[in-house]
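Welcome! Here are some short exercises to work through with the structure in front of you. Try each task before you read its solution.

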Amino acid sequence: MSKEWFLNYGELAGKSHLSRKIPCQDRALCRQGNGVTVAVLSDGCGSSPISQYGSQVTTECLCKLFIEEFDAIHSAQILTSRKMIVDAIVLSLYGFIRSNGEIFSAYKAENIEKYNEFTQKRSEEEFFLDALNATALFAAEKEGEYIIGQIGDGVIGGVVRNRLKIIMEEKKEGEINGTFYPANIYTLALKNPDWYGCAQFQLKKPKNTDVSAFILTSDGVDSFFDLRVPFQKKYTTGVDKLFRCTVEASSFEESKAILDEQFLPALVNGSRAMDDCSVAVIVRKDYFIGQDGYAVTMYERPKEAAEQSPAEQSPAEQSPVDAKTTVSEGRTPECAQNVWYGEFGEEYLGLEQRIRERIGEEAEGVLEKLGKTEGEAAHKMEVMRMYASVLDAIATFGCFDFDPTIHDERIFGEIYDMDAGISCKPADTAEGKYSIYRE
(Lines give C-alpha, C1' and ligand atoms only; values in the text may rest on other atoms or scores of the structure.)
Protein backbone atom coordinates (compact mmCIF):
# COMPACT_ATOMS: atom_id res chain seq x y z
CA MET A 1 0.00 0.00 0.00
CA SER A 2 1.35 3.42 -0.98
CA LYS A 3 2.33 5.64 1.94
CA GLU A 4 3.19 8.65 -0.20
CA TRP A 5 1.38 11.72 1.07
CA PHE A 6 0.29 14.73 -1.00
CA LEU A 7 0.00 18.14 0.66
CA ASN A 8 -2.23 21.16 0.17
CA TYR A 9 -2.92 24.18 2.35
CA GLY A 10 -4.02 27.79 2.21
CA GLU A 11 -6.00 30.57 3.86
CA LEU A 12 -8.09 33.55 2.75
CA ALA A 13 -9.48 36.57 4.61
CA GLY A 14 -13.21 36.48 5.34
CA LYS A 15 -15.74 39.14 4.44
CA SER A 16 -15.95 40.49 7.99
CA HIS A 17 -12.17 41.01 8.11
CA LEU A 18 -12.09 42.65 4.69
CA SER A 19 -14.85 45.08 5.70
CA ARG A 20 -12.89 46.05 8.83
CA LYS A 21 -9.55 46.09 6.99
CA ILE A 22 -8.15 43.36 9.23
CA PRO A 23 -5.63 40.96 7.65
CA CYS A 24 -6.33 37.25 7.45
CA GLN A 25 -5.57 35.81 10.91
CA ASP A 26 -5.68 32.14 9.86
CA ARG A 27 -2.57 30.19 8.90
CA ALA A 28 -2.33 26.70 7.41
CA LEU A 29 0.87 24.79 6.71
CA CYS A 30 1.94 21.26 5.71
CA ARG A 31 5.49 19.92 5.77
CA GLN A 32 7.46 16.69 5.34
CA GLY A 33 10.80 15.61 6.77
CA ASN A 34 12.47 12.76 8.68
CA GLY A 35 9.74 10.41 7.46
CA VAL A 36 7.06 12.64 9.02
CA THR A 37 4.12 14.24 7.21
CA VAL A 38 2.34 16.94 9.18
CA ALA A 39 -0.59 19.31 8.65
CA VAL A 40 -1.13 22.26 10.99
CA LEU A 41 -3.79 24.96 11.11
CA SER A 42 -4.10 27.96 13.44
CA ASP A 43 -6.84 30.56 13.75
CA GLY A 44 -5.81 33.84 15.38
CA CYS A 45 -8.04 35.27 18.10
CA GLY A 46 -10.52 37.62 16.43
CA SER A 47 -10.49 40.17 19.24
CA SER A 48 -6.78 40.91 18.74
CA PRO A 49 -5.64 42.84 15.65
CA ILE A 50 -2.17 41.20 15.67
CA SER A 51 -3.08 37.55 16.28
CA GLN A 52 -2.04 36.74 12.69
CA TYR A 53 1.53 36.66 14.05
CA GLY A 54 0.45 34.15 16.68
CA SER A 55 -1.08 31.81 14.08
CA GLN A 56 2.01 32.13 11.89
CA VAL A 57 4.38 31.26 14.74
CA THR A 58 2.12 28.39 15.89
CA THR A 59 2.01 26.66 12.49
CA GLU A 60 5.74 27.01 11.87
CA CYS A 61 6.58 25.84 15.40
CA LEU A 62 4.39 22.73 15.25
CA CYS A 63 5.62 21.65 11.82
CA LYS A 64 9.21 21.91 13.04
CA LEU A 65 8.40 20.19 16.35
CA PHE A 66 6.75 17.12 14.81
CA ILE A 67 9.38 16.70 12.11
CA GLU A 68 12.17 16.83 14.69
CA GLU A 69 10.51 15.24 17.74
CA PHE A 70 7.76 12.92 16.47
CA ASP A 71 9.23 9.80 18.06
CA ALA A 72 9.78 11.46 21.43
CA ILE A 73 6.25 12.90 21.53
CA HIS A 74 4.62 9.69 20.33
CA SER A 75 6.45 7.44 22.81
CA ALA A 76 6.01 9.73 25.83
CA GLN A 77 3.22 9.42 28.36
CA ILE A 78 0.21 11.45 27.29
CA LEU A 79 0.69 14.22 29.87
CA THR A 80 4.34 14.60 28.85
CA SER A 81 3.32 14.76 25.18
CA ARG A 82 0.83 17.51 25.96
CA LYS A 83 3.44 19.48 27.88
CA MET A 84 5.99 19.18 25.05
CA ILE A 85 3.49 20.55 22.54
CA VAL A 86 2.10 23.43 24.62
CA ASP A 87 5.53 24.51 25.89
CA ALA A 88 6.99 24.50 22.38
CA ILE A 89 4.23 26.79 21.08
CA VAL A 90 4.42 29.26 23.97
CA LEU A 91 8.21 29.43 24.02
CA SER A 92 8.16 30.14 20.27
CA LEU A 93 5.65 32.94 20.89
CA TYR A 94 7.88 34.41 23.61
CA GLY A 95 10.81 34.23 21.21
CA PHE A 96 8.80 36.11 18.59
CA ILE A 97 7.91 38.82 21.13
CA ARG A 98 11.55 39.34 22.10
CA SER A 99 12.68 39.50 18.46
CA ASN A 100 10.03 41.92 17.19
CA GLY A 101 10.00 44.84 19.62
CA GLU A 102 8.66 47.33 17.07
CA ILE A 103 5.44 45.35 16.53
CA PHE A 104 4.69 45.18 20.25
CA SER A 105 5.72 48.76 21.01
CA ALA A 106 3.16 49.92 18.46
CA TYR A 107 0.54 47.52 19.85
CA LYS A 108 1.18 48.81 23.38
CA ALA A 109 0.83 52.45 22.28
CA GLU A 110 -2.49 51.70 20.56
CA ASN A 111 -3.85 49.83 23.59
CA ILE A 112 -2.29 51.74 26.48
CA GLU A 113 -5.36 51.65 28.78
CA LYS A 114 -5.73 47.91 28.36
CA TYR A 115 -1.96 47.54 28.86
CA ASN A 116 -1.98 49.51 32.13
CA GLU A 117 -4.91 47.53 33.52
CA PHE A 118 -3.40 44.16 32.51
CA THR A 119 0.11 44.80 33.80
CA GLN A 120 -1.14 45.71 37.29
CA LYS A 121 -1.59 41.97 37.86
CA ARG A 122 0.58 40.26 35.22
CA SER A 123 3.77 40.86 33.25
CA GLU A 124 4.24 42.85 30.05
CA GLU A 125 5.27 39.71 28.18
CA GLU A 126 2.01 38.02 29.20
CA PHE A 127 0.10 41.01 27.84
CA PHE A 128 1.81 40.58 24.48
CA LEU A 129 1.36 36.80 24.65
CA ASP A 130 -2.37 37.37 25.10
CA ALA A 131 -2.35 39.48 21.92
CA LEU A 132 -0.95 36.51 19.97
CA ASN A 133 -3.59 33.98 21.03
CA ALA A 134 -4.25 31.47 18.26
CA THR A 135 -5.72 27.98 18.07
CA ALA A 136 -3.70 24.87 17.23
CA LEU A 137 -4.93 21.94 15.12
CA PHE A 138 -2.48 19.30 13.93
CA ALA A 139 -2.24 15.83 12.40
CA ALA A 140 1.13 14.14 11.96
CA GLU A 141 1.99 10.70 10.54
CA LYS A 142 5.13 8.58 10.56
CA GLU A 143 5.29 4.95 9.45
CA GLY A 144 1.62 4.32 10.18
CA GLU A 145 1.61 6.03 13.58
CA TYR A 146 -0.27 9.26 14.25
CA ILE A 147 -0.40 12.25 16.56
CA ILE A 148 -3.64 14.22 16.30
CA GLY A 149 -4.59 17.16 18.47
CA GLN A 150 -6.63 20.31 18.90
CA ILE A 151 -6.59 23.35 21.17
CA GLY A 152 -9.39 25.76 20.31
CA ASP A 153 -12.03 25.75 17.60
CA GLY A 154 -12.02 24.30 14.09
CA VAL A 155 -12.50 20.73 12.86
CA ILE A 156 -10.15 17.84 12.10
CA GLY A 157 -11.51 15.20 9.74
CA GLY A 158 -10.05 12.15 8.11
CA VAL A 159 -10.68 9.15 5.88
CA VAL A 160 -10.60 6.29 8.40
CA ARG A 161 -11.06 2.84 6.88
CA ASN A 162 -12.79 4.30 3.80
CA ARG A 163 -15.11 6.54 5.84
CA LEU A 164 -14.76 10.33 5.83
CA LYS A 165 -15.58 11.41 9.36
CA ILE A 166 -15.07 14.13 11.92
CA ILE A 167 -12.20 13.08 14.18
CA MET A 168 -12.04 16.13 16.45
CA GLU A 169 -13.81 19.42 17.02
CA GLU A 170 -14.02 21.80 19.93
CA LYS A 171 -16.58 21.03 22.61
CA LYS A 172 -17.92 24.42 23.66
CA GLU A 173 -18.57 24.98 27.34
CA GLY A 174 -19.89 28.21 28.84
CA GLU A 175 -19.88 31.12 26.41
CA ILE A 176 -20.60 30.00 22.88
CA ASN A 177 -17.66 32.04 21.57
CA GLY A 178 -15.32 31.19 24.44
CA THR A 179 -12.15 29.50 23.19
CA PHE A 180 -9.07 28.12 24.96
CA TYR A 181 -5.60 28.81 23.55
CA PRO A 182 -2.18 27.19 24.22
CA ALA A 183 -1.06 30.20 26.26
CA ASN A 184 -4.09 29.79 28.57
CA ILE A 185 -3.11 26.20 29.29
CA TYR A 186 0.55 27.12 29.78
CA THR A 187 -0.23 29.93 32.24
CA LEU A 188 -2.57 27.74 34.29
CA ALA A 189 -0.12 24.81 34.20
CA LEU A 190 2.59 26.96 35.80
CA LYS A 191 0.49 26.79 38.99
CA ASN A 192 -0.96 23.32 38.48
CA PRO A 193 0.65 20.92 35.94
CA ASP A 194 -2.62 18.96 35.73
CA TRP A 195 -3.83 21.69 33.38
CA TYR A 196 -1.72 20.08 30.63
CA GLY A 197 -4.30 17.31 30.77
CA CYS A 198 -7.34 19.58 30.51
CA ALA A 199 -10.28 18.63 28.30
CA GLN A 200 -9.76 21.80 26.21
CA PHE A 201 -6.63 20.14 24.77
CA GLN A 202 -7.66 17.05 22.83
CA LEU A 203 -4.77 14.73 21.97
CA LYS A 204 -4.81 11.26 20.42
CA LYS A 205 -2.05 8.85 19.43
CA PRO A 206 -4.24 6.20 17.74
CA LYS A 207 -3.23 2.58 17.30
CA ASN A 208 -4.49 -0.25 15.12
CA THR A 209 -6.09 2.01 12.55
CA ASP A 210 -5.45 3.30 9.07
CA VAL A 211 -6.04 6.93 8.08
CA SER A 212 -5.50 7.72 4.41
CA ALA A 213 -6.33 11.44 4.50
CA PHE A 214 -6.64 14.33 6.92
CA ILE A 215 -8.41 17.64 6.47
CA LEU A 216 -8.09 20.50 8.97
CA THR A 217 -10.45 23.49 8.69
CA SER A 218 -10.94 26.69 10.66
CA ASP A 219 -14.34 27.57 12.11
CA GLY A 220 -15.02 29.92 9.20
CA VAL A 221 -15.29 26.92 6.86
CA ASP A 222 -18.89 25.70 6.95
CA SER A 223 -19.45 25.02 3.25
CA PHE A 224 -17.62 21.70 3.59
CA PHE A 225 -20.36 20.47 5.93
CA ASP A 226 -23.84 19.23 5.08
CA LEU A 227 -26.15 20.58 7.79
CA ARG A 228 -29.47 20.06 6.02
CA VAL A 229 -30.63 17.34 8.41
CA PRO A 230 -31.26 18.93 11.83
CA PHE A 231 -28.84 18.03 14.63
CA GLN A 232 -26.56 16.09 12.28
CA LYS A 233 -23.25 17.10 10.76
CA LYS A 234 -21.29 15.43 8.00
CA TYR A 235 -18.87 16.38 5.26
CA THR A 236 -20.00 17.17 1.72
CA THR A 237 -18.53 15.62 -1.41
CA GLY A 238 -16.60 18.88 -1.87
CA VAL A 239 -13.96 17.44 0.46
CA ASP A 240 -13.49 14.46 -1.85
CA LYS A 241 -13.06 16.88 -4.77
CA LEU A 242 -10.32 18.70 -2.85
CA PHE A 243 -8.59 15.40 -2.09
CA ARG A 244 -8.76 14.40 -5.76
CA CYS A 245 -7.35 17.70 -7.00
CA THR A 246 -4.52 17.38 -4.45
CA VAL A 247 -3.41 13.92 -5.61
CA GLU A 248 -4.21 14.24 -9.32
CA ALA A 249 -2.60 17.63 -10.03
CA SER A 250 0.69 17.54 -11.91
CA SER A 251 2.48 19.39 -9.10
CA PHE A 252 2.02 20.85 -5.62
CA GLU A 253 1.98 24.32 -7.17
CA GLU A 254 -0.93 23.35 -9.43
CA SER A 255 -3.02 21.80 -6.64
CA LYS A 256 -2.35 24.77 -4.33
CA ALA A 257 -3.36 27.20 -7.09
CA ILE A 258 -6.69 25.35 -7.43
CA LEU A 259 -7.20 25.56 -3.66
CA ASP A 260 -6.27 29.26 -3.54
CA GLU A 261 -8.18 30.36 -6.63
CA GLN A 262 -11.25 28.12 -6.58
CA PHE A 263 -11.91 26.35 -3.28
CA LEU A 264 -11.00 29.13 -0.82
CA PRO A 265 -12.97 31.93 -2.58
CA ALA A 266 -15.99 29.61 -2.72
CA LEU A 267 -15.61 28.77 0.97
CA VAL A 268 -15.34 32.46 1.91
CA ASN A 269 -18.40 33.36 -0.17
CA GLY A 270 -20.37 30.48 1.35
CA SER A 271 -19.37 31.14 4.96
CA ARG A 272 -22.30 32.07 7.17
CA ALA A 273 -19.86 33.39 9.78
CA MET A 274 -18.12 35.60 7.18
CA ASP A 275 -14.89 34.62 8.94
CA ASP A 276 -11.43 33.81 7.57
CA CYS A 277 -11.27 30.40 5.91
CA SER A 278 -8.27 28.09 6.05
CA VAL A 279 -7.67 24.49 5.03
CA ALA A 280 -4.78 22.05 5.43
CA VAL A 281 -4.87 18.67 3.69
CA ILE A 282 -2.59 15.65 3.63
CA VAL A 283 -3.86 12.73 1.55
CA ARG A 284 -2.48 9.47 0.18
CA LYS A 285 -2.96 8.66 -3.46
CA ASP A 286 -4.59 5.35 -2.52
CA TYR A 287 -7.26 6.97 -0.32
CA PHE A 288 -10.80 5.80 -0.96
CA ILE A 289 -14.18 6.92 0.39
CA GLY A 290 -16.87 4.24 0.19
CA GLN A 291 -20.43 4.91 -0.94
CA ASP A 292 -21.64 5.11 2.66
CA GLY A 293 -18.41 6.72 3.79
CA TYR A 294 -19.69 10.12 4.93
CA ALA A 295 -20.11 9.52 8.65
CA VAL A 296 -22.68 11.54 10.60
CA THR A 297 -22.05 13.28 13.91
CA MET A 298 -25.19 13.64 16.03
CA TYR A 299 -25.84 16.72 18.16
CA GLU A 300 -28.16 17.16 21.11
CA ARG A 301 -31.50 18.64 20.28
CA PRO A 302 -31.57 22.23 21.61
CA LYS A 303 -33.87 22.58 24.60
CA GLU A 304 -35.73 25.50 23.08
CA ALA A 305 -36.49 23.44 19.95
CA ALA A 306 -37.82 20.59 22.09
CA GLU A 307 -40.14 23.00 23.90
CA GLN A 308 -41.73 24.36 20.71
CA SER A 309 -45.45 23.80 20.45
CA PRO A 310 -46.78 22.02 17.32
CA ALA A 311 -48.11 25.34 16.04
CA GLU A 312 -44.59 26.81 16.16
CA GLN A 313 -42.95 23.89 14.35
CA SER A 314 -42.36 23.82 10.64
CA PRO A 315 -44.61 21.64 8.42
CA ALA A 316 -41.71 19.19 8.01
CA GLU A 317 -41.43 18.82 11.80
CA GLN A 318 -45.19 18.21 12.11
CA SER A 319 -45.20 15.47 9.47
CA PRO A 320 -45.67 12.00 10.99
CA VAL A 321 -42.51 9.93 10.68
CA ASP A 322 -42.01 6.39 11.91
CA ALA A 323 -40.08 6.53 15.19
CA LYS A 324 -37.84 3.74 13.91
CA THR A 325 -36.74 5.72 10.84
CA THR A 326 -32.95 5.74 10.89
CA VAL A 327 -30.73 8.79 10.51
CA SER A 328 -29.01 7.14 7.56
CA GLU A 329 -32.20 7.63 5.56
CA GLY A 330 -31.78 11.38 5.89
CA ARG A 331 -34.91 12.05 7.93
CA THR A 332 -35.24 13.26 11.50
CA PRO A 333 -37.34 10.71 13.42
CA GLU A 334 -40.29 11.91 15.46
CA CYS A 335 -39.76 11.73 19.23
CA ALA A 336 -41.54 8.65 20.53
CA GLN A 337 -43.17 9.85 23.73
CA ASN A 338 -44.46 6.39 24.74
CA VAL A 339 -41.03 4.96 25.58
CA TRP A 340 -38.65 5.67 28.43
CA TYR A 341 -36.45 8.11 26.56
CA GLY A 342 -39.36 10.50 26.00
CA GLU A 343 -37.92 13.99 25.50
CA PHE A 344 -34.62 12.45 24.36
CA GLY A 345 -36.28 10.60 21.47
CA GLU A 346 -34.37 12.09 18.55
CA GLU A 347 -31.02 11.92 20.24
CA TYR A 348 -31.65 8.38 21.50
CA LEU A 349 -32.49 7.13 18.01
CA GLY A 350 -29.36 8.78 16.62
CA LEU A 351 -27.17 7.17 19.29
CA GLU A 352 -28.91 3.84 18.77
CA GLN A 353 -28.13 4.02 15.05
CA ARG A 354 -24.45 4.72 15.75
CA ILE A 355 -24.27 1.76 18.13
CA ARG A 356 -25.96 -0.59 15.65
CA GLU A 357 -23.54 0.50 12.90
CA ARG A 358 -20.56 -0.15 15.18
CA ILE A 359 -21.46 -3.60 16.60
CA GLY A 360 -24.16 -4.97 14.31
CA GLU A 361 -26.45 -7.71 15.60
CA GLU A 362 -24.88 -7.61 19.08
CA ALA A 363 -26.46 -4.17 19.57
CA GLU A 364 -29.88 -5.74 20.14
CA GLY A 365 -28.77 -7.51 23.32
CA VAL A 366 -26.78 -4.52 24.56
CA LEU A 367 -29.66 -2.11 24.08
CA GLU A 368 -32.03 -4.55 25.78
CA LYS A 369 -29.70 -4.65 28.82
CA LEU A 370 -29.49 -0.85 28.78
CA GLY A 371 -33.26 -0.67 29.09
CA LYS A 372 -33.04 -2.71 32.31
CA THR A 373 -30.39 -0.56 34.00
CA GLU A 374 -31.52 1.42 37.00
CA GLY A 375 -32.01 5.16 36.90
CA GLU A 376 -34.01 7.88 35.25
CA ALA A 377 -34.14 8.62 31.53
CA ALA A 378 -31.54 11.38 31.84
CA HIS A 379 -29.06 8.96 33.44
CA LYS A 380 -29.68 6.35 30.75
CA MET A 381 -28.99 9.00 28.13
CA GLU A 382 -25.62 9.70 29.79
CA VAL A 383 -24.84 5.99 29.56
CA MET A 384 -25.87 5.99 25.89
CA ARG A 385 -23.71 9.02 25.11
CA MET A 386 -20.67 7.54 26.84
CA TYR A 387 -21.15 4.14 25.18
CA ALA A 388 -21.51 5.70 21.71
CA SER A 389 -18.35 7.74 22.36
CA VAL A 390 -16.49 4.58 23.42
CA LEU A 391 -17.51 2.76 20.23
CA ASP A 392 -16.64 5.76 18.03
CA ALA A 393 -13.19 6.01 19.62
CA ILE A 394 -12.58 2.27 19.21
CA ALA A 395 -13.63 2.45 15.54
CA THR A 396 -11.35 5.43 14.91
CA PHE A 397 -8.38 4.88 17.19
CA GLY A 398 -8.57 1.20 18.18
CA CYS A 399 -9.30 2.02 21.82
CA PHE A 400 -10.95 4.50 24.17
CA ASP A 401 -8.67 6.07 26.78
CA PHE A 402 -10.73 6.07 29.97
CA ASP A 403 -9.60 8.57 32.60
CA PRO A 404 -11.40 8.22 35.98
CA THR A 405 -10.57 11.85 36.79
CA ILE A 406 -12.61 13.00 33.78
CA HIS A 407 -15.17 10.27 33.08
CA ASP A 408 -17.92 8.96 35.33
CA GLU A 409 -16.80 5.54 36.62
CA ARG A 410 -20.36 4.61 37.57
CA ILE A 411 -21.55 5.15 33.99
CA PHE A 412 -18.63 3.21 32.59
CA GLY A 413 -19.36 0.42 35.09
CA GLU A 414 -22.85 0.06 33.63
CA ILE A 415 -21.43 -0.08 30.09
CA TYR A 416 -18.92 -2.70 31.17
CA ASP A 417 -21.65 -4.80 32.80
CA MET A 418 -24.05 -4.73 29.89
CA ASP A 419 -21.56 -5.29 27.02
CA ALA A 420 -19.62 -8.52 27.39
CA GLY A 421 -17.51 -7.55 24.36
CA ILE A 422 -15.92 -4.60 26.16
CA SER A 423 -12.61 -5.20 27.93
CA CYS A 424 -10.04 -2.91 29.49
CA LYS A 425 -6.46 -2.87 30.69
CA PRO A 426 -4.16 -0.26 32.25
CA ALA A 427 -3.25 2.34 29.63
CA ASP A 428 0.37 2.74 28.66
CA THR A 429 -0.19 6.48 28.51
CA ALA A 430 -0.56 7.49 32.16
CA GLU A 431 -1.05 6.04 35.62
CA GLY A 432 -4.61 5.54 36.78
CA LYS A 433 -6.00 5.47 33.22
CA TYR A 434 -7.37 2.55 31.24
CA SER A 435 -7.64 1.66 27.56
CA ILE A 436 -11.04 0.26 26.60
CA TYR A 437 -11.18 -2.24 23.71
CA ARG A 438 -13.87 -4.29 22.03
CA GLU A 439 -12.99 -7.97 21.74
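## Exercise 1: A pair of strands

Strand β4 (residues 136–142) and strand β5 (residues 145–151) run antiparallel and are joined by 7 bridges. Keep in mind that this is a predicted model.

**Task.** Find which residue in β5 stands opposite Ala 136.

**Solution.** Start at Ala 136 and look across to β5: the residue opposite is Ile 151. Next, follow β5 to its pairing with β8, which is antiparallel over 4 bridges. There, Gly 149 has Leu 203 in β8 as its bridge partner.

## Exercise 2: The sheet around this pair

**Task.** Work out in which order the strands of this open sheet lie, and which strands are at its edges.

**Solution.**
1. The sheet has 5 strands in the order β2-β3-β4-β5-β8, and the pairing is antiparallel.
2. The edge strands, each pairing on one side only, are β2 (26–33) and β8 (201–204).
3. From one strand to the next, the twist averages 5°.
4. Helix α3 packs on this sheet and touches β4, β5 and β8, with its direction at about 125° to that of β8.
5. At the other edge, 8 bridges join β2 to β3 (residues 36–43), and the two run antiparallel. Cys 30 stands opposite Ala 39 in β3.
6. The hairpin of β2 and β3 has 2 residues between the strands, and Asn 34 takes a positive phi near 55° there.

## Exercise 3: Two faces of a strand

**Task.** Sort the side chains of β8 by the face they point to, and say which are buried.

**Solution.** Begin with a general idea: in a regular strand, side chains alternate between the two faces of the sheet. Now apply it to β8. Phe 201 and Leu 203 point to one face and are buried. Gln 202 and Lys 204 point to the other face and are not buried.

## Exercise 4: Two crossing helices

**Task.** Decide how helix α3 (residues 78–99) is oriented against helix α7 (residues 182–191).

**Solution.**
1. The two axes come within 9 Å and cross at roughly 105°.
2. Angles of 65 to 115 degrees count as roughly perpendicular, so α3 is roughly perpendicular to α7.
3. Now look at the contact. From α3 come Val 86, Asp 87, Ile 89, Val 90, Leu 91 and Tyr 94, which meet Pro 182, Ala 183, Ile 185 and Tyr 186 in α7.
4. Sorted by class, this contact has 9 nonpolar residues, no polar ones and 1 charged.

## Exercise 5: Another open sheet

**Task.** Describe the sheet that contains β1 and the helices that pack on it.

**Solution.**
1. Its 5 strands follow the order β1-β12-β9-β6-β7, with antiparallel pairing.
2. β1 (5–12) and β7 (163–169) are the edge strands.
3. Neighbouring strands are turned by 15° against each other on average, direction ignored.
4. β1 pairs with β12 (residues 277–284) over 8 bridges in the antiparallel sense, and Phe 6 has Val 283 as its bridge partner in β12.
5. Helix α8 (residues 238–248) touches β1, β6, β7, β9 and β12, and its direction makes about 60° with that of β12.
6. Helix α9 (residues 252–270) touches β1 and β12, at about 40° to the direction of β1.

## Exercise 6: Checking a helix length

**Task.** Test whether the span of helix α14 (residues 377–397) agrees with its number of residues.

**Solution.** At 1.5 Å a residue, its 21 residues should span 30 Å. The end C-alpha atoms of α14 are 30 Å apart, so the two agree. The helix is mostly covered, with 16 of its 21 residues buried. Just after α14, Gly 398 takes a positive phi of about 90°.

Definitions and conventions: Residues are numbered from 1 along each chain as its sequence is written. This is a predicted model: local features need pLDDT of at least 70, side-chain atom pairs count only at pLDDT 80 or more; totals for chains, interfaces and linings use all residues. Side-chain values use heavy atoms; hydrogens and water are left out. Two strands pair if DSSP finds at least two bridges between them. Axes are lines fitted to C-alpha atoms, for helices over the stretch in contact, and angles run from 0 to 180 degrees between N-to-C directions. Contact means heavy atoms within 4.5 Å. Angles under 35 degrees count as roughly parallel, over 145 as roughly antiparallel, 65 to 115 as roughly perpendicular and the rest as oblique. Ala, Val, Leu, Ile, Met, Phe, Trp, Tyr, Cys and Pro count as nonpolar, Asp, Glu, Lys and Arg as charged, and the others, Gly among them, as polar. The expected span of a helix is 1.5 Å times one less than its number of residues. Buried means under 20% relative accessible area, exposed over 50%, partly exposed in between (1.4 Å probe, protein chains only).
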